[in-house]
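User: Please take a close look at the aromatic side chains here. I want the ring contacts and the charges that sit over rings.

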Amino acid sequence: MNFVTPEIAWAPLAPIIIVLGAAAIGVLIEAFVRRPATRRTIQLGFGLVVLIAALGTTIAQWAALEGGGTTVMQFMLTVDRQALAWQTVILVFGILGIILFAARTRAGEPAFTALGSASPGSLEETLARRRGLEVTEVFPLLLFAVGGMMLFTCVTDFVFLFVALEVFSLALYILVALARRRRLMSHEAALKYFLLGAFSSAIYIFGVALIYGATTQTSFAPVGRAIDVISDRDPLLLTGVVLVLVGLLFKLGAVPFHSWTPDAYQGAPTPVTAFMGAATKAAATAALVRILYTSLYPLEWEISWMIWAVACLSMVLGTVLALVQTNVKRMLAYSSVAHAGFILVAFAGLTNEAVAALPFYLLAYGLATIGAFAVVSQVRERTEDGSVGAEAVRLGQWAGLGKRSPLLAGAMALFLLSFAGIPLTAGFIGKFEVFSAAIAGGGWPLVLVAVIASAVAAFFYVRLVVLMFLTDVPEGIEDAVEVEDSPLATLVVVVTAAGVIVLGVLPAGVLSVFESAAQFLVLSNG
Amino acid sequence: MLTLTWLLIAVPLASAAVLLLAGRRADAWGHWLGVAASGTAFVVGFVAFLQMLGLESEERATSVHLFSWIPGGELNLDAGLLVDPLSMTFVLLITFVGTLIHVYSVAYMEHDADRRRFFAYLNLFVAAMLLLVLADSYLLLFVGWEGVGLASYLLIGFWNFKREYATAANKAFFVNRIGDLGLIFAMGLMFSYFGALDFDSVLSQAPEATTAQLTAIGLMLLLAACGKSAQFPLQSWLGDAMAGPTPVSALIHAATMVTAGVYLIVRSAPIFNGAPNAQVVVAAVGAFTLILGALIGMAKDDIKKALAASTMSQIGYMMLAAGLGPIGYAFAIFHLVTHGFFKAGMFLGAGSVMHAMNDQVDMRRFGALKGAMVVTWVTFGLGWLAILGVPPFSGFFSKDKIIEAAFVGEGWQPWVFGGAALIGAGLTAFYMSRLFFMTFHGKARWTDEVHPHESPALMTVPMMILAVGSAFLGLFLAMGDRFTHWLEPVTGHAEHHEPVLPVPVLIALTLILVAAGGLLAWLRYGRAEVPETAPSASLATLAARNDFFQDSVNRAVVQRPGQHLTRTLVYVDATVVDGAVNKQARGWAGLGEASRRLQNGQVRSYAATMLVGLVIVVAVIVVGGL
């Protein structure tokens with residue numbers, strides 16, 4: 001057997017190389033810089049510079065891109081406009097995420113634990129806290145996650161996709177476990193997320209094996225061609241395809257593969273929830289788009305009903321369960337499940353419009369998600385001794401917030417309205433684009449369900465708005481709940497709020513960019 | 001100037017933004033900025049109107065391109081404005097009445113600590129309402145549609161320190177969402193049939209579509225219109241919306257926003273013209289609501305709620321006219337304009353009365369106010385004569401035309417619709433006269449602490465101007481069919497048809513019924529003693545007092561099943577899927593419990609859920625497909 005060294009065009013991978021290389025350097029910084037405070041400053045500055053540099057490189061590549069794009073590694077990696085568009089979206093989320101990671105309260109308390117290895121409530125933990133230790137590994141971990149997700153958007157091989165999936169998933173599992181407050185819940189969430197993630201990874205890779213068994217191929221385009229040739233009723237192939245899709249739907253958080261979302265969203269440190277909620281969904285959607293459009297499209301008929309069923313279930317269950325939540329983070333988690341359903345609506349008919357609509361939808365959704373969790377991270381309980389405690393996540397604790405800090409509550413209201421798809425917010429344009437793509441693909445029954453679900457969903461979003469603005473400030477809430485205005489979190493809120501409005505009022509520019517990104521480079525034969 | 005119509009929206013919007021962002025600093029002058037913004041909008045609108053008058057009637061429609069909104073793909077949509085006689089009519093009505101109500105509010109809200117915020121919301125409303133009527137596509141109209149809903153919601157709940165007021169705001173929001181769904185569905189249908197959402201493409205392609213398609217779109221538009229215009233079966237929110245400050249009731253819940261549904265239907269005329277069945281449903285909804293509103297109005301003792309019922313009933317007239325097709329469109333808008341004047345005037349009058357009576361609204365504790373408040377009495381009286389349809393006041397010209405048009409046609413329709421319109425006129429005369437006599441005539445039944453006095457000039461002057469409109473606007477616009485000709489480029493030319501009864505007979509019948517209604521009201525509420533508490537009444541009156549149990553019906557039909565569905569799903573999720581997770585949300589007690597939770601197999605149940613889902617999918621795709 002002859003092994004041929006693959007030819008790799010390294011240049012188009014520059015953004016990913018920058019991010020992953022910097023993540024490795026970040027680990028070294030952990031080892032060599034000794035004072036926690038200095039380490040944090042260096043890590044934040046370094047991470048920001050790296051992410052912005054990567055964003056710049058991505059945009060430069062977009063500008064310099066000739067034709068459809070570049071095949072980086074035969075059948076394995078392709079950098080085309082579609083990939084660059086998703087990478088840009090993920091980098092934007094990464095930049096906002098890293099700023100949020102660094103936010104701390106006025107008392108200087110970060111969102112992350114002092115010592116990740118200490119068991120909750122133990123002596124080591126107390127000592128570490130007293131010494132002012134801080135887990136600053138979160139910054140390189142975020143870079144690993146961003147790098148893995150970027151890779152996820154341009155991989156064109158099922159096995160390679162698995163590698164990228166694990167690169168960002170492992171980083172996220174660790175990040176979820178590092179909350180400073182409510183550590184047990186955080187640990188539990190991480191463990192659940194990890195176990196279920198491992199389970200779904202196993203399902204995915206088993207699916208890849210079955211696809212290989214049916215087609216003797218593992219790359220997207222060759223698998224697509226092989227499906228054309230062999231009978232599309234081959235049970236081996238169909239089972240493999242379903243397993244692969246389930247692996248991705250798990251990352252997307254669609255019903256019935258959603259069970260991890262509420263727990264992970266609730267237990268994770270809020271900055272992690274913000275980043276994870278926005279970026280993981282974007283990465284999963286990007287991969288789903290590429291797989292469905294460049295590989296599995298001959299099976300459209302067979303898998304369409306699965307997409308339809310999962311979309312309906314996600315929208316209905318996500319909405320209904322969000323209605324009854326009394327915890328803000330869980331409510332947003334179930335809302336994210338409903339949004340997974342809305343995202344899947346776009347796949348009805350596999351139209352070209354959907355390819356342009358989805359990055360916009362995810363950008364709009366991600367900005368609002370990061371913004372909303374940035375607000376959540378600033379509403380705090382006050383402990384008995386008067387210091388700032390954990391986040392106030394019970395809905396009742398948000399009553400009258402609009403009267404106490406109108407701007408923060410106003411921003412939250414804006415994000416919620418964007419989730420609900422009220423006009424002049426980014427969410428409205430996103431929903432509109434996705435729904436019209438689905439109608440163009442003949443998916444009007446799905447759109448019907450989606451419209452009703454989003455109308456019902458408006459109730460629980462608006463319920464929180466009502467609670468913030470139209471409810472009296474309860475007795476004594478001033479002593480129990482405090483609004484912490486950390487400058488970095490406020491920066492994130494302002495930027496995302498501006499983004500939501502701009503994308504809602506003047507979406508034309510961004511839409512046309514994504515429009516021109518609606519094409520894939522598919523290697524016809526090799 | 002026509003190309004500068006975007007200023008109409010931009011100026012009030014900018015003012016609202018300034019008022020909201022400036023905070024307490026703007027408390028001293030904020031209300032005058034609000035008045036100025038609304039006034040500027042009126043001036044811009046009026047200049048544009050004069051310019052439009054100078055054009056030939058075919059050239060009066062101008063498109064104003066704003067910016068490319070949603071480009072690319074199947075649908076290329078620009079944000080633009082459509083300035084034509086129909087939208088211009090609304091612009092003038094909204095900005096003129098709106099400005100007067102702004103001025104009135106300066107005095108009415110004087111003692112409210114949040115007056116600045118109130119004006120910000122009013123400006124926001126004006127901007128959104130103008131966007132609604134000026135939009136050149138259904139999608140942009142939807143933006144305005146949601147915008148007025150939001151402003152209305154904020155203003156109903158403005159005094160949210162009272163719990164029931166916040167509840168009223170929520171109710172308005174929820175009922176309106178149902179209507180909004182109709183508009184969204186209608187847009188979905190248009191997009192799939194015509195591939196476009198702008199008025200120009202949709203309405204020009206409408207004649208080529210099948211009747212079934214047009215009927216579907218038409219019924220969805222009607223659902224939207226019912227939500228916004230408080231028509232049966234979505235009328236329940238309007239009475240509760242009276243919780244808002246009275247100027248809001250005058251502007252939003254009488255003169256402008258609630259008529260948006262009529263605008264939507266008249267604007268979509270080519271769709272309804274091709275769908276006769278949808279038209280009949282529109283007319284039937286209108287006829288039913290006009291009787292229903294009148295019956296509710298007869299039983300209410302709360303002056304604002306009685307006026308709200310009357311608004312519902314009068315919009316029923318407009319809906320009925322809009323459902324009659326080309327012969328009715330112009331009259332629907334005509335009545336909408338005159339109604340905007342006389343009903344706004346009466347609401348302001350009611351506000352003036354409340355101002356004098358320590359914010360009481362129970363008419364059984366009014367009476368004999370004509371001596372204490374002469375200006376209010378006279379201006380309210382003119383509005384009263386106008387809504388009764390007494391010649392030569394405004395309402396006579398507009399309402400009588402609708403009654404005549406309703407009697408045109410073949411078969412059962414003219415008799416049913418015309419009959420409803422005719423009976424409605426009699427009922428209107430009764431309940432409006434009841435309201436008028438109970439408030440201004442008879443014996444004083446005041447509570448001890450009130451000392452009625454006339455309102456300040458800032459309040460009475462707008463009332464006087466509106467009263468002049470209530471008195472003469474109808475005559476002015478009806479002379480030489482001026483208004484009908486003005487709207488002809490939009491609504492199309494209507495052939496003249498003879499009603500099934502001769503016109504003089506109809507006029508005579510109407511006037512007899514009106515006189516009878518007025519007289520009966522005088523005998524029972526003007527001359528006779530009015531008890532200070534509502535007497536026990538027949539079942540029918542009780543039903544009307546309770547809005548014909550609309551709330552109970554809503555609860556039974558919508559709310560309960562919804563709750564049960566939710567509870568069932570939640571139960572399933574909680575027991576089967578979620579296990580102990582909900583417990584965790586409830587009690588987050590000690591470490592021991594937490595560590596126990598970790599081992600109780602939830603993750604297993606999560607994984608099991610995934611596996612079951614996976615197995616089902618594989619089974620259906622693979623086994624089912626084989």
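Analyst: Start with a charge over a ring. The charged end of A:Lys431 sits over the ring of A:Phe342, at 4.6 Å from the ring centre. Chain B offers another case: B:Arg434 lies over the face of B:Tyr525, 5.0 Å from the centre of that ring. This is a predicted model, and side-chain atom pairs count only at pLDDT 80 or more.

Now the ring-ring contacts. Over all chains, the structure holds 40 aromatic pairs. One of them joins A:Phe101 and A:Phe275. Their centres are 6.5 Å apart, and the planes meet at 80°. That angle makes the pair edge-to-face, because it is over 60 degrees. The pair links distant parts of the chain. A:Phe101 belongs to helix H3 (residues 81–102) of chain A, and A:Phe275 to helix H11 (residues 270–294) of chain A. The two residues are 174 residues apart. A:Phe101 has a relative accessible area of 2%, so it counts as buried. A:Phe275 is at 0%, so it is buried too.

A:Phe250 and A:Trp260 form a tilted pair, because their planes stand at 40°. Their ring centres are 5.5 Å apart. A:Phe250 lies in helix H9 (residues 235–252) of chain A, and A:Trp260 in helix H10 (residues 260–267) of chain A. The pair therefore ties together parts that are 10 residues apart in sequence. Both A:Phe250 and A:Trp260 are buried.

Chain B also has a cluster. B:Phe42, B:Phe46, B:Phe49, B:Phe96, B:Phe341 and B:Trp486 together make one aromatic cluster.

Definitions and conventions: Residues numbered from 1 in each chain as written. Chains lettered and ligands numbered in written order. Predicted model: local features only at pLDDT ≥ 70, side-chain atom pairs only at ≥ 80, totals over all residues. Heavy atoms only, no water. Phe/Tyr/Trp six-rings, centres within 6.5 Å; stacked < 30°, edge-to-face > 60°. Helix = DSSP H or I, 4+ residues; strand = E, 2+ residues; numbered from the N terminus. Buried < 20%, exposed > 50% of the residue type's maximum accessible area, 1.4 Å probe, protein only. Lys NZ or Arg CZ within 6 Å of the ring centre and 35° of its normal.
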